[in-house]
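Below is a brief report on a predicted model. It takes up the ligand surroundings, the annotated domains, a helix pair and two backbone details.

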Amino acid sequence: MDTGQNIVTDKTPSALFLVLTVNDGGEDAVRDGIEGLDGIVTTVSSRFPDATLTAIIGIGSQAWDRLFSGPRPAELHPFIELTGEVHTAPSTPGDVLLHIKSSRPDLTFEVGRLWTATLGDAVSTVDETHGFRYFDMRDLTGFVDGTENPAGADAVATITVDADTDPDFAGGSYVAVQKYVTDLAAWNALPVPDQEDAFGRSKFENVEMADDVKPTNAHTALTNLPDVDGEAQEILRDNMPFGDVAGDGEKGTYFIAYSKTPEITEVMLRNMFIGDPEGNHDRLLDFTTAITGTQFFAPSAQFLADLPP
Ligand code: HEM
């Protein structure tokens with residue numbers, strides 16, 4: 001049975017998100033890089049057996065056919081741009097995603113450094129974001145992020161493409177990323193009860209509001225989807241805060257979500273940006289702006305170990 005890359009881990013204190021494009025003529029070097037990644041992770045992790053260290057690779061829609069012959073993942077397409085009445089989710093370039101996570105920031109750095117060195121000028125960097133755990137898993141807004149994530153076997157089932165849906169790509173996962181820049185001055189000027197309304201949870205204790213008091217434009221009201229045919233419509237988020245402290249330095253949330261189909265994330269994004277009902281957009285977006293948006297497919301471990309020609 002095909003199994004996924006090492007995506008479901010305990011929440012790590014640090015992560016590095018790299019989005020790259022493949023330069024013309026760089027395809028062979030990138031294929032070599034994909035094959036060499038496991039060796040680099042082992043080189044680094046074998047010296048620190050107690051430190052969680054994993055590197056997950058995703059391939060974008062346009063790059064897929066440049067890198068591999070044969071079939072492609074059934075639902076792999078570029079990130080769908082969304083333009084609501086007030087807020088926009090842009091779709092931005094990206095051929096390769098590397099999501100490195102570890103309990104040690106030096107190890108995420110080292111894997112990223114060694115791996116990009118092997119790629120040289122075969123790739124261009126679109127974005128490099130170093131994320132960190134903030135207190136007790138809080139976002140920079142001060143709210144605990146990740147509480148309602150599926151865990152354990154549920155998490156694996158949530159993110160894994162089934163053999164009967166897409167036999168060639170069973171074991172893989174779809175991955176969406178968005179970099180959000182937060183206006184912390186505006187957010188911090190908002191009274192805490194209004195901040196709590198924006199998330200639908202209490203700030204200090206992280207308790208969810210009852211349905212009859214939770215505003216319809218709360219982030220958790222718009223992203224909690226009803227079951228379809230008795231099946232939960234969930235994604236696995238591994239968001240991280242990031243940022244520069246001085247002056248107007250960019251700071252915010254690096255959003256990353258794994259799922260068995262991109263459609264679930266897309267419905268959540270529609271609810272947030274277009275609104276549900278239309279016009280009732282996510283209150284959180286009045287304080288945080290998506291500046292990137294890219295969709296990838298993270299193939300199974302077996303696919304990566306034996307790439308098609
Ligand atoms: C819940 C933060 C973007 C999907 C939450 C929670 C926080 C949070 C604090 C409540 C606790 C939890 O269950 O994790 C953020 C921030 C974002 C962001 C700061 C960006 C700036 C997104 C996006 C999506 C999403 C883009 C989906 C496309 C969800 C889901 C939940 C959630 C599914 C759980 C809802 C529930 O069942 O209660 N988020 N989020 N989030 N978020 Fe986000």
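## Ligand shell

Helix α8 gives the largest share of the shell around the ligand, with four residues. This helix spans residues 262-273. Three other elements each supply at least two shell residues as well: β7 (173-182), α7 (219-223) and β10 (251-259).

In total, 26 residues surround the ligand. Those that come nearest are Glu148, Tyr180, Thr223, Asn224 and Met268. By class, the shell holds 10 nonpolar, 11 polar and five charged residues.

## Annotated domains

Two domain annotations come from UniProt, both from an unreviewed entry. The record lists residues 5-133 as "Dyp-type peroxidase N-terminal". In the model, that span is 32% helix and 29% strand. Its end C-alpha atoms lie 22 Å apart.

For residues 137-302, the UniProt record gives "Dyp-type peroxidase C-terminal". Here the span is 25% helix and 20% strand. The C-alpha atoms at the ends of residues 137-302 are 32 Å apart.

## Helices α1 and α3

Helix α1 covers residues 27-45, and helix α3 covers residues 105-119. Their axes come within 9 Å and cross at roughly 150°. An angle over 145 degrees counts as roughly antiparallel. The two helices, α1 and α3, are therefore roughly antiparallel to each other. The crossing of α1 past α3 is right-handed.

Which residues in α1 and α3 meet? From α1 come Ala29, Val30, Gly33, Gly36, Leu37, Ile40, Val41 and Val44. Facing them in α3 are Leu107, Glu110, Val111, Leu114, Trp115, Thr118 and Leu119. The residues of this contact divide into 11 nonpolar, three polar and one charged.

## Backbone details

Where does Pro277 sit? Pro277 lies in the loop between α8 and β11, the latter being residues 288-290. The peptide bond from Asp276 to Pro277 is cis. Omega for this bond is near -5°. The loop thus named begins from α8, the helix with the largest share of the ligand shell.

Phe135 is the other backbone detail. The phi angle of Phe135 is near 50°. That is a positive value in a residue other than glycine. Phe135 is in the loop between β6 and α4. Strand β6 spans residues 123-132, and helix α4 spans residues 152-159.

Methods. Residues are numbered from 1 along each chain as its sequence is written. This is a predicted model: local features need pLDDT of at least 70, side-chain atom pairs count only at pLDDT 80 or more; totals for chains, interfaces and linings use all residues. A residue is near a molecule or strand if its C-beta atom, placed from the backbone, lies within 6 Å of it. Ala, Val, Leu, Ile, Met, Phe, Trp, Tyr, Cys and Pro count as nonpolar, Asp, Glu, Lys and Arg as charged, and the others, Gly among them, as polar. UniProt positions are given in the numbering used here, feature names are shortened, and annotations may be inferred rather than shown by experiment. Axes are lines fitted to C-alpha atoms, for helices over the stretch in contact, and angles run from 0 to 180 degrees between N-to-C directions. Angles under 35 degrees count as roughly parallel, over 145 as roughly antiparallel, 65 to 115 as roughly perpendicular and the rest as oblique. A crossing is left-handed if the near helix is turned anticlockwise from the far one by less than a right angle, and right-handed if clockwise. Two residues are in contact if their C-beta atoms, placed from the backbone, lie within 7 Å.
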